[in-house]
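Biologist: I would like a close look at a single part of this model, taken slowly and with the values spelled out. Please start from the part itself and then work outwards to what surrounds it.

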Amino acid sequence: MTYEELLALARRCDGRTLETITGKKFTVGIYMDCPFFTPASSGYGQSDGRKAAERFLERYNQIGSLRPGDYSGVTRNASYYVALVAQA
């Protein structure tokens, strides 16, 4: 998956409520060409930037894992990214 494909996927999911593997609900959006995630529990959007998203994709393309723990050193939003790519 490329970064552009990730952004396209985020655009397709914009406005929909998604769920992490642990059942936490969130929405995804894009700001300045970078995905951001808004947990339903807090309502505050969060992103750790494009570089973290690119690192996530690099590892995802290498291992193809849908386990957030496999990305713990890469991004703090691993559970959201995993839930997003699972929509593809």
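Are F56 and Y60 buried or exposed? Please take the helix that holds them, α2, as the part to examine.

Modeller: The model is a predicted one, and what follows should be read with that in mind. F56 is buried, and Y60 is buried as well. Both residues belong to helix α2, where they sit four residues apart, about one turn of the helix. Their rings form an aromatic pair of the stacked kind, with 6.0 Å from centre to centre and 10° between the planes. An α-helix has 3.6 residues a turn, so residues three or four places apart point the same way.

The helix itself covers residues 49-63, and because each of its 15 residues should add 1.5 Å, a span of 21 Å is expected, which agrees with the 22 Å that separates its end C-alpha atoms. Its buried residues are A52, A53, F56, L57 and Y60. Looking down the axis of α2, one finds these buried residues within an arc of 140°, so they line one face of the helix. The face turned away from that buried side carries the exposed residues K51, E58 and Q62. Among the elements that cover the buried residues of α2 are α1 (3-13) and α3 (78-85). After the helix comes G64, whose phi is positive, near 65°.

From the pair in α2 the picture widens to the other aromatic rings. The structure holds seven aromatic pairs, and one of them is formed by F26 and F37, which meet edge-to-face at 5.9 Å centre to centre with 70° between the planes. This pair links distant parts of the chain, since F26 is in strand β2 and F37 in strand β3, 11 residues apart. F26 and F37 are both buried. The residues F56 and Y60 of the helix belong to one aromatic cluster together with F26, F37, Y71, Y80 and Y81.

The cluster leads to the two strands that carry F26 and F37. Strands β2 and β3 run antiparallel and are joined by six bridges, with G29 standing opposite F36 in β3. Five of the six residues of β3 are buried, so this strand is largely enclosed by the rest of the structure. T38 is one residue of β3, and because its relative accessible area is 16%, T38 counts as buried. Apart from residues up to four places away in sequence, T38 touches F26, T27, G43, Y44 and G45.

One of those partners, Y44, lies in the loop between β3 and α2. With a relative accessibility of 63%, Y44 counts as exposed, yet beyond its neighbours within four places in sequence Y44 is in contact with F37, T38 and P39. An exposed tyrosine in the loop ahead of the helix is therefore in contact with F37, a residue that is itself a member of the aromatic cluster.

At the other end of β3, the hairpin with β2 has two residues between the strands, and M32 takes a positive phi near 50° there. M32 is exposed, with a relative accessible area of 68%. D33, found in the loop between β2 and β3, also has a positive phi, about 60°, although it is not a glycine.

D33 brings in the charged side chains. A search of the whole structure finds four salt bridges, and in one of them the side chains of R11 and D33 meet at 3.6 Å, N to O. R11 lies in helix α1 and D33 in the loop between β2 and β3, so the pair ties together parts that are 22 residues apart in sequence. Both ends of this bridge are partly exposed, R11 with a relative accessible area of 48% and D33 with 42%. Helix α1, which holds R11, is also among the elements that cover the buried residues of α2.

Two further salt bridges can be set beside it. E19 forms one with K25, the closest N and O atoms being 2.8 Å apart, and D70 forms another with R67 at 3.8 Å, N to O. E19 is partly exposed at 43% relative accessibility, and K25 is partly exposed with a relative accessible area of 43%. D70 is partly exposed at 24%, whereas R67 is exposed at 56%.

Definitions and conventions:
Residues are numbered from 1 along each chain as its sequence is written. This is a predicted model: local features need pLDDT of at least 70, side-chain atom pairs count only at pLDDT 80 or more; totals for chains, interfaces and linings use all residues. Side-chain values use heavy atoms; hydrogens and water are left out. Buried means under 20% relative accessible area, exposed over 50%, partly exposed in between (1.4 Å probe, protein chains only). The expected span of a helix is 1.5 Å times one less than its number of residues. The arc is that of the directions from the helix axis to the C-beta atoms. Contact means heavy atoms within 4.5 Å. Two strands pair if DSSP finds at least two bridges between them. Rings of Phe, Tyr and Trp (its six-membered ring) pair if their centres lie within 6.5 Å; planes under 30 degrees apart count as stacked, over 60 as edge-to-face and the rest as tilted.
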